[in-house]
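Trainee: I would like to learn how to read a protein model. Can we go feature by feature?

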Amino acid sequence: MPARPQAPTLSPAATRVFQRLVMSGDASRTALANDTGLTPGAITRAVRPLLEAGLLDETGDRASSEGALGRPATMVTVRARAHQVVGVKITADQMFGVVADLRCQVLDELTLPVTDLRPDAVVAQVAELVDHLRAGRPEVGGVGLAVSGDVDAATGHVAYSPFLGWRDLPLGELVARRTGLPTTVENDVRALLTGERWYGVGRGLSSLALVTVGTGIGCALLVNGQVVHGSFGVAGEVGHVLVDPDGPLCHCGNRGCVEAIAGSAAILDGVAAAGLDAGSVGEVAELARSGQADAVRVLADAGSAIGTGIATIANLLGAQHILITGEAIGSDYDVMDPHVREAFEERAFGSAARSAIELRPLRFVDWARGAAACAVEDFVTHYGRS
Ligand SMILES: [Zn+2]
């Protein structure tokens, strides 16, 4: 693989301009000056090393009203393909990988089965996935990993991942050593939020809550434009918001948490207790659609629990937008939707009810893309900084 050119040393102003361009889109020099508060001269000095490194382009022929006295405005554009990253979502039975560019456009994807969850085996398999995806792509210069559980993004350390059975694993360091590429590790739901923040519904929003519904109920929060990490790696645990003190036992040891009522296992337990035979939430939804009263009740309770949980988030944070997502949202969970909204409207206090609620299906490629977004964010933040 050809060696990548040495990164120039960037000033803090140059980093700010680079971040602005990658995260918020191409801009004229005038717009860059307005957005960053830098002078036109400082913008010129900031852009130069990035042009020389091949990460930016300039086009002077885009006539615009911003051009003074008929002079065309110079547009500064990101050469998105100049730096690429591999994003990987690791689950207990599969890993999903994508190659993405600086705009988080997915250029290629690959899925591998996971058969051995021991850390050494997973690291070897991540390296194999990365090798496949970077073949013929010398532009690939970073890896982003998305893992469920308690993850310290600053160190790349997985403190505890219950679904993967890992504790105190320096995953970032192990993968970086194996692949030779800088590696970013993030909690999977926060990775998804990072992707939405830069390249999805979160663009331009200062607050956004993202709730994932599946086996577990996950949540990640954007507050004042920043992804919240929590002092101890825990923040926005909507899955363990109390809904019913006399409700079913949760794996966290408490009773009546959102997850103990609306997680996939809880839904299946609920219908099994009523004597119904269903192997998936999809089958429960089928029963509900055919009018089976117990299936309707179990899904209504689950929807209400989720609605109550997100109302709690809205009441605490006043999020502009709440995105509820999961593999089955929009298909299996359609039966729940009205109950989610009804409970939310009932419990959200005053203007908090104005939060936009969006339910959207989630594809596994979206998780991997979120992981890639974290690697892009890391690259842009640290490029040229010693
Ligand atoms: Zn709980």
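Mentor: We will take strands, then a metal site, then the nonpolar cores. Keep in mind that this is a predicted model.

Trainee: Let us start with strand S5. How many of its seven residues are buried?

Mentor: A general idea comes before that. In a regular strand, side chains alternate between the two faces of the sheet. Now the case here. S5 covers residues 94-100, and six of its seven residues are buried.

Trainee: Which strand pairs with S5 over six bridges, and in which sense?

Mentor: Strand S4, residues 84-90, in the antiparallel sense. One pair to find is isoleucine 90, which stands opposite methionine 95 in S5. S4 and S5 form a hairpin, with three residues between them.

Trainee: How many bridges join S5 to strand S6?

Mentor: Seven, and these two strands also run antiparallel. S6 spans residues 106-113. Look for glutamine 94: its bridge partner in S6 is proline 113. The hairpin of S5 and S6 has five residues between the strands. In that hairpin, cysteine 104 takes a positive phi near 60°.

Trainee: Now the metal. Which residues coordinate the zinc ion?

Mentor: His240 does so through ND1, and Cys250, Cys252 and Cys257 each through SG. The distances are 2.0 to 2.3 Å.

Trainee: What geometry does the site have?

Mentor: First the ideal. Four tetrahedral donors would have angles of 109.5 degrees. At this zinc ion, the angles among the four donor atoms are 105 to 119°, and the site is tetrahedral. Along the chain, the donors follow the spacing H-x9-C-x1-C-x4-C. Histidine 240 and cysteine 257 are 17 residues apart, both in the loop between strand S14 (226-227) and helix H7 (258-262).

Trainee: Is cysteine 257 buried or exposed?

Mentor: Buried, because its relative accessible area is 2%, and the cut-off for buried is under 20%. Histidine 240 has 29% relative accessibility, so it counts as partly exposed.

Trainee: Last, the cores. Which residues have the most contacts inside the largest nonpolar core?

Mentor: Val211, Ile267, Ile322 and Ile324, in a core of 43 residues. Helix H10, residues 293-317, gives the most to this core, with 10 residues. Another core, of 39 residues, lies apart from it; Leu10, Phe18, Ala46 and Leu56 are among its members.

Trainee: What does isoleucine 324 touch?

Mentor: Leaving out residues up to four places away in sequence, its contacts include Val211, Val213, Ile306, Ile310 and Val340. Glu358 and Arg360 are also among the residues that isoleucine 324 touches.

How values were computed. Residues numbered from 1 in each chain as written. Predicted model: local features only at pLDDT ≥ 70, side-chain atom pairs only at ≥ 80, totals over all residues. Heavy atoms only, no water. Buried < 20%, exposed > 50% of the residue type's maximum accessible area, 1.4 Å probe, protein only. Helix = DSSP H or I, 4+ residues; strand = E, 2+ residues; numbered from the N terminus. Pairing = 2+ DSSP bridges. Donors = N, O, S within 2.8 Å, 3.2 Å for Na, K, Ca; no water. Tetrahedral: all angles 85-135°; square planar, octahedral: opposite > 155°, others 65-115°. Core = buried A, V, L, I, M, F, W, Y, C linked by side-chain atoms within 4.5 Å. Contact = heavy atoms within 4.5 Å.
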